[in-house]
Amino acid sequence: MSQHKPRKWHYLWPYSLAARTALILIIGMGLIEACGLLINTLDRLDFNRLTQEQEAVNRATAIYRDISEVDSKDRSDEINDLDPIHGFTIFLSNEPNLKNVNLPSPKLEQTVSHLLTTILFPPELRPTKIIATSDPDKHKNAIAFQLPDDKQWLNIIYELTTPNPFKSATFPISFFIMATATSLLTLWSVRRLIAPVSTLAAAAGRLGQDVNATPLVESGPEEVAQAARAFNDMARRINRFVNDRTQLLLAIGHDLRTPITRLKLRSEFINDKHLQKKFISDLDELEKMIDATLAFGRDNTHHEPVINLDLTSLIETLIHELQETHPDKIDQIRLHHPLPNYTIKARPINLKRALQNLMNNALNYGGNVTVSLTSKPPFPSLYNQKDKHIFILIEDDGPGLKQENLEYVFEPFVRMETSRNRSTGGTGLGLSIARNIIRGQGGDITLHNRIPHGLCAVVMLIE
């Protein structure tokens, strides 16, 4: 089945449930706020436009009153003496001259006429005729008043400015306050709602490292409490299953010691020395396998406390001990310098045992061992995780393994006959025990073939 490549926008999509929920809510609330502000803005635009039109008509009416009350010969001077009004053009003419603002506006004409009849205005000064036009495209209006005494026309042309509510200082401030308050409230609410999920995930992680981990508190909302109860029931069943299996393994291993001892005693009565030697050799190997089996079982029952551990010092100590144990192979036991300083939380005795198994394997089966420590993933495609990790690389120059066996060798009692020499005394449990220890501390072990030959064991630990 072909796999589709993820779309580019998927990389912008948050990974966590809390971030996704918060993003969806913030976007939704933002759209609601935008719609509300848009409706309010349109309402303000209509209100401002009507207010501006009314003010312009009131001003035009006031100008007509001032001019009509002056003698006809002084009207031109009165117009010149008027304070300049932005957007207004005022002049006298013998005929109505509305300067191409020629679209009749009965509504404006009716408004002006109504205004002149309702205010305290002498009837003899009221205009003989009123002509009102408009140009909606240019936002221009024009009113021509015919003066009652000399029959001249007072032309008033004015341009209305487009209302802009965004110029208001309160608009961006209110939007910012609303957006900030909504975002903070959303983030706080989502964190409160998602907190039980994070608690459940953390408890699952602890259970993966320790089947005897502290159970969850069965409180909170009904759904959360129900999930906690189900998780605790599952943890108890897993604990019971692991303990029963471990106790069975230990019991079998312990009970096998007695018949093996009896067989060793009876082998002394075998007259054929060659057969006797083979018989005792097989019993010794069987006894080693039982010892390894018991050690494998004890790893599940021994609960060593987690402490702050100087990982760099531990690796240096292991290298020195390995050199002392194999003085003839000092040149084949190498530590990659400079070794960075790292401190982690771990079970020191168990971790030391796991690393010893891996180093001994590299030395026994590969002929040499080189240990290095880094925080950079040696194989980035395998460690695409958010947690910070430390990687211990244990490398050798041996024959390596077939690709299909890199994972299979971690199974208990598995030995690769072509690359793992049986004469070394291995039981096939070393890698199983090592991985069991490392995974119990939240890490993992993987094997990778080197080029042109050799094997690299990568121990991943949480920083």
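Reader: What makes the length of helix 8 agree with what its number of residues should span?

Author: Glad to start there, with the reminder that this is a predicted model. Helix 8 takes in residues 348-366, 19 residues in all, and at 1.5 Å a residue these should span 27 Å. The end C-alpha atoms of helix 8 are 26 Å apart, which agrees with that expectation.

Reader: Which residues of helix 8 are called buried, and what does the word require?

Author: A residue counts as buried when its relative accessible area is under 20%. In helix 8 that label goes to P348, N350, L351, A354, L355, L358, M359, N361, A362, L363, Y365 and G366. Just after the helix comes G367, with a positive phi of about 90 degrees.

Reader: Why are helix 7 and helix 8 called oblique to each other?

Author: Two packed helices are described by the angle between their axes and the distance between the axes. Here the axes of helix 7 (residues 311-325) and helix 8 cross at roughly 45 degrees and come within 11 Å. Angles under 35 degrees would count as roughly parallel, and 65 to 115 as roughly perpendicular. An angle of roughly 45 degrees fits neither range, and the pair is therefore oblique. The crossing is right-handed.

Reader: How do you know that helix 7 and helix 8 meet, and which residues take part?

Author: Contact asks for heavy atoms within 4.5 Å. On the helix 7 side, L311, L314, L318, I319, E321 and L322 take part. Their partners in helix 8 are L351, K352, L355, Q356, M359, N360 and L363.

Reader: Why is strand 10 described as largely enclosed by the rest of the structure?

Author: Eight of the eight residues of strand 10, residues 389-396, are buried, so the description follows. In a regular strand the side chains alternate between the two faces of the sheet. Both faces of strand 10 are covered: H389, F391, L393 and E395 are buried on one side, and I390, I392, I394 and D396 on the other.

Reader: What makes strand 9 and strand 12 count as partners of strand 10?

Author: Pairing needs at least two bridges. Strand 9 (residues 369-374) is joined to strand 10 by five bridges, and the two run antiparallel. Strand 12 (residues 455-462) pairs with strand 10 over eight bridges, also in the antiparallel sense. For landmarks, T374 stands opposite F391 in strand 10, while E395 stands opposite C456 in strand 12.

Reader: How many helices and strands does the protein chain have?

Author: The chain comes to nine helices and twelve strands. Buried residues make up 35% of its 463 residues.

Technical notes. Residues numbered from 1 in each chain as written. Predicted model: local features only at pLDDT ≥ 70, side-chain atom pairs only at ≥ 80, totals over all residues. Heavy atoms only, no water. Buried < 20%, exposed > 50% of the residue type's maximum accessible area, 1.4 Å probe, protein only. Helix = DSSP H or I, 4+ residues; strand = E, 2+ residues; numbered from the N terminus. Expected span 1.5 Å × (residues − 1). Axes fitted to C-alpha atoms, helices over the stretch in contact; angles between N-to-C directions. Parallel < 35°, antiparallel > 145°, perpendicular 65-115°, else oblique. Left-handed = near helix turned anticlockwise from the far one by under 90°.
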